[in-house]
Amino acid sequence: MSIKFKIERKKDVLARIPLSMATLHRKINDGTFPPSISLGANSVGFLSHEIDSIIAAMALGKDLKVVVSELVEKRQYFLDDSYLALAA
């Protein structure tokens with residue numbers, strides 16, 4: 001399965017989800033928002049499809065900790081699969 005990744009910067013995520021930066025970090029730390037990925041020494045980004053999924057989960061009233069846990073697990077699978085495809 002091939003998936004194309006789009007990375008959103010933190011400011012773009014905060015524009016989509018009306019949270020303060022402090023609340024965003026609190027949600028990441030308590031496991032109710034997908035963690036960021038490092039883009040370099042002083043920058044981070046978020047996988048766009050994960051943000052879409054968390055917005056949908058919020059709208060449907062799902063348990064966000066469960067959703068985030070599943071997203072992080074799938075992230076590892078997709079990234080490992082994508083890396084192996086690039087190496088081949």
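Trainee: Which residue in β3 is the bridge partner of Glu8?

Mentor: In β3, that partner is Phe46. Please note that this is a predicted model, in which local features need pLDDT of at least 70 and side-chain atom pairs count only at pLDDT 80 or more, while totals for chains, interfaces and linings use all residues. Residues are numbered from 1 along each chain as its sequence is written, and side-chain values use heavy atoms, with hydrogens and water left out.

Trainee: How do you know how confident the predictor is in this protein?

Mentor: The mean pLDDT (the predictor's confidence in each residue, from 0 to 100) is 89, and 85% of the residues reach 70 or more. Among the elements, α2 has the highest mean, 97, and helix α4 (residues 64-87) the lowest, 79.

Trainee: How many helices and strands does the protein have?

Mentor: There are four helices and three strands, where helices (H or I, at least four residues) and strands (E, at least two) are DSSP runs numbered from the N terminus. Their order from the N terminus is β-α-α-β-β-α-α.

Trainee: Why are strand β1 (residues 7-9) and β3 said to pair?

Mentor: Strands pair if DSSP finds at least two bridges between them. β1 and β3 have three bridges, in the antiparallel sense, and therefore satisfy that definition. β2 and β3 are likewise antiparallel over three bridges, so they also count as a pair. Within β3, Val44 stands opposite Ser38, and Ser43 is the bridge partner of Gly40. β2 and β3 form a hairpin, with two residues between them.

Trainee: What makes Phe33 and Phe46 an aromatic pair, and why is it called edge-to-face?

Mentor: The structure holds one aromatic pair. The centres of Phe33 and Phe46 are 6.0 Å apart and their planes are at 80 degrees. Rings of Phe, Tyr and Trp (its six-membered ring) pair if their centres lie within 6.5 Å, and planes under 30 degrees apart count as stacked, over 60 as edge-to-face and the rest as tilted. Both values meet the terms, so the pair is edge-to-face. Phe33 lies in the loop between α2 (21-29) and β2 (37-40) and Phe46 in strand β3 (residues 43-47), so the pair ties together parts 13 residues apart in sequence.

Trainee: Why is Phe33 called buried?

Mentor: Buried means under 20% relative accessible area, exposed over 50%, and partly exposed in between (1.4 Å probe, protein chains only). Phe33 has 1% and therefore counts as buried. Phe46, with a relative accessible area of 1%, is buried as well. Strand β3 is mostly covered, with four of its five residues buried. In the protein of 88 residues, buried residues make up 30%.

Trainee: Is Ser48 buried or exposed?

Mentor: Ser48, found in helix α3 (residues 48-60), has a relative accessible area of 11% and is therefore buried.

Trainee: What makes the link between the side chains of Ser48 and Glu8 a polar contact?

Mentor: The distance between them is 2.7 Å. A polar contact is a pair of N or O atoms within 3.5 Å; within protein, one must be able to donate a hydrogen and the other to accept it, and residues adjacent in sequence count only if both atoms are side-chain atoms. The value lies within the limit, so the term applies.

Trainee: Which residues does Ser48 touch, not counting those up to four places away in sequence?

Mentor: Ser48 touches Lys6, Glu8 and Arg16, where contact means heavy atoms within 4.5 Å.
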